[in-house]
Structures are given as C-alpha cells and as structure tokens.
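User: I am new to reading protein models. Can we go through this one step by step?

Analyst: Gladly. Ask away, and keep the view open.

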Amino acid sequence: MTSLALGPQRIVCLTEEATEWLYLLGQEQRIVGISGYTVRPRRARLEKPKVSAFLTAKIDKILALQPDCVFGFSDLQADIAALLIRAGVQVTIFNQRSVDEIFAMLYQVAAMVGQAEEGLALLQTWRAELDAIAQQAASFKRRPKVFFEEWDTPHISGIRWVSELMGIAGGDDIFPELAVMPMGKDRIIAEGQTIVDRAPDIIIGSWCGKKFRPDTVAARPGWQDVPAVRTGHIFEIKSADILQPGPAALTDGVAQLHRIMAQWEAEHA
C-alpha cells in the first residue's frame, strides 16, 4: 500500500513568512520558489529560485515550476493571485494583520502540509514566550510611549501586529488608532508635528527596503525636544525581523522590542 502524501508537494511562497515557517517545520523540500525579498532563513536564498517581488511576480516562471499550491499574503497580492488562479493554480492568500491572526495563519499552513501537531507545539512555545515577556513588562513602573516608523517620507506608523507586540513588550504605541488600519496609505501621518506633539519616549524605525538612519530622524526640524531625540532612544529593527507577519515577528522581533523597552524602563524607573 502506498503512503498518503499529505498536502501540496510543490509550493511557491510569494512572501517570506511562509518560507521561514516551512523550513522551521522541516518541510523545505516542498518549496520550489520563493520571494526575492526572502532573507530568513538565509539558506533559502541559496537553495530556492526567486520568482516574485511583493507586488509583482514572474508568472511564467511560477507556472513552469508546476506548483500544487501558492502561498501569498494580503490583498496587495490579489492581482498576482488572480493570474495564477486563471492559469489553474491553487492559491491560498492569507491576510493576517494581528498577533492572533499570525498564529492562526501559521497553524493553517502547518495543517496543510501534514504538520499540525509539530506546528502546534512550536506555536504553543512561542505563545508561552510572549506571555512571559508580557509578565515581565507588567512589572514596569513606567511604560514608554513609542513611535514606530514603518516609512519616513511620508511618515507611516506601525501596522497592527507591530503595535500589539510593542504592547506585549512593555511600550505604548502613540498611534493606536492608526495601527488598526490594514493599509499603509491609511497609516500616513501627514504632518511631522503630529508626532512631535505626542512626545514619544522611544522611536523605532523599520524602513522596508532601506536602512533606517537615527541621525536623520534626530535632525528633523522641530524634533530636538522630542524625548526620544533628546535622550538618544532611537533604534532600528530590521524589517525582516518585525514587518514579516510570521515567525520572525513572534520571536526575534518581539525580543528586540522588549530589550529596547526594558532598557528605557531601567533608566527611567
């Protein structure tokens, strides 16, 4: 009797989080194509053909790989998905924007490749680690006010899972009303003075596609009296570690956030 092959055997991942997750599950042999933006795990760039950016994809190259399934992220990849679906490819687009939705997405992918139990065990470990971080942060005598800058021109504040992870890590997002907006265009802060007026204690930058420059932020006109600028609490977290709604944000991303918050609290308690 032949064994039952669980789930798609040839997978194209249009974004990094699915690739990283499949590697962590030991299922990297299923991946036949990845996003050109993938940096986690590093070996994926050496082992797998790059078939997409974020908003564009090499449809002919993807079809030539004969995937059983394509994984993507968000409504921003709807046009790519439509082209592949019309070509007869099974496409699964996830739209996770919160921490809970990231956990749900990862469990669904694990189940699709026959790794539900293994995936659940990892996810439970990460959930426990988040709970431990939140418990440590609960002891803070003061919580810093934090501005997370996803882009600089125009200013774009952090997306929902980033805002939630900042809260878990011990800080308070100064733009919580924008964090719930799924699209970057809806998180634009037109006037820099709006940020100045909210007086963040910490500024964290993660400019997707280019290096964050604390000195440039500190030199912005009118920002000299912002608490974060005055005390030098301006930091970068690489976009691959925090703006990827998958394993990276739940592990390395939140750990970096917590170190930044804990350092500030120790200095200001």
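User: Which kind of unit do S1, helix H1 and S2 make?

Analyst: Keep in mind that this is a predicted model. Start at strand S1, residues 11–13. Pass through helix H1, residues 16–24, and arrive at S2. Together the three make a right-handed β-α-β unit.

User: In what order do the five strands of the open sheet stand?

Analyst: Strands of a sheet pair through backbone hydrogen bonds, either parallel or antiparallel. Here the pairing is parallel. The order is S3-S2-S1-S4-S5.

User: Which strands stand at the edges of the sheet?

Analyst: Look for strands with a single partner strand. One side of such a strand is left without a neighbour in the sheet. From one strand to the next, the twist averages 25°. The edge strands are S3 (50–52) and S5 (91–94).

User: Which residue stands opposite Val 12 in S2?

Analyst: S1 and S2 pair in the parallel sense. Two bridges join them. Opposite Val 12 stands Gly 33.

User: And which residue in S3 stands opposite Ser 35?

Analyst: S2 covers residues 31–35 and pairs with S3 over two bridges. That pairing is parallel. The residue opposite Ser 35 is Ser 52.

User: How many residues of S2 are buried?

Analyst: Buried means under 20% relative accessible area. S2 is mostly covered. The count of buried residues is five of its five.

User: Which helix lies between S2 and S3 in their β-α-β unit?

Analyst: The unit is right-handed. It begins with S2 and finishes with S3. The helix in it is H2, residues 42–47.

User: Over how many bridges do S4 and S5 pair?

Analyst: S4 and S5 pair in the parallel sense. In this pair, Gly 72 stands opposite Ile 93 in S5. With helix H4 (residues 78–86), the two strands make a right-handed β-α-β unit. The number of bridges between S4 and S5 is four.

User: Is Ile 62 buried or exposed?

Analyst: Ile 62 sits in helix H3, residues 59–64. Its contacts, leaving aside neighbours within four places in sequence, include Val 12, Leu 14 and Val 51. Others among them are Pro 67 and Leu 84. With a relative accessible area of 0%, Ile 62 is buried.

User: What distance separates the C-alpha atoms of Ile 62 and Val 217?

Analyst: Along the chain, Ile 62 and Val 217 are 155 residues apart. In space, their C-alpha atoms are separated by 40 Å.

User: How many disulfides are there?

Analyst: A disulfide is a covalent bond between the sulfur atoms of two cysteines. The cut-off here is 2.5 Å between the sulfur atoms. For buried Cys 13, the closest cysteine sulfur is in Cys 69, 8.7 Å away and too far for a bond. The count of disulfides comes to zero.

User: How far is the sulfur of Cys 208 from the closest cysteine sulfur?

Analyst: The closest cysteine sulfur to that of Cys 208 is in Cys 13. The gap is too far for a bond. The distance is 18 Å.

User: Why is the pair of Phe 54 and Phe 73 tilted?

Analyst: A pair of aromatic rings is described by the distance of the centres and the angle of the planes. The structure holds six aromatic pairs. In the pair of Phe 54 and Phe 73, the centres are 6.5 Å apart. The pair is tilted because the planes stand at 35°.

User: Where in the chain are Phe 54 and Phe 73?

Analyst: The pair links distant parts of the chain, 19 residues apart. Phe 54 counts as partly exposed, at 25% relative accessibility, and Phe 73 as buried, at 8%. Phe 54 is in the loop between S3 and H3, and Phe 73 is in strand S4 (residues 69–73).

User: Which residues form one aromatic cluster with Phe 73?

Analyst: The rings of Phe 73 and Trp 161 have their centres 6.4 Å apart. Their planes are at 75°, so the pair is edge-to-face. Trp 161 lies in helix H7 (residues 160–169), 88 residues from Phe 73, and counts as buried at 2% relative accessibility. The cluster partners of Phe 73 are Phe 54 and Trp 161.

Technical notes:
Residues are numbered from 1 along each chain as its sequence is written. This is a predicted model: local features need pLDDT of at least 70, side-chain atom pairs count only at pLDDT 80 or more; totals for chains, interfaces and linings use all residues. Side-chain values use heavy atoms; hydrogens and water are left out. Two strands pair if DSSP finds at least two bridges between them. Axes are lines fitted to C-alpha atoms, for helices over the stretch in contact, and angles run from 0 to 180 degrees between N-to-C directions. Buried means under 20% relative accessible area, exposed over 50%, partly exposed in between (1.4 Å probe, protein chains only). Contact means heavy atoms within 4.5 Å. A crossover is right-handed if, with the strands pointing away from the viewer, the path from the first strand over the helix to the second runs clockwise. Rings of Phe, Tyr and Trp (its six-membered ring) pair if their centres lie within 6.5 Å; planes under 30 degrees apart count as stacked, over 60 as edge-to-face and the rest as tilted.
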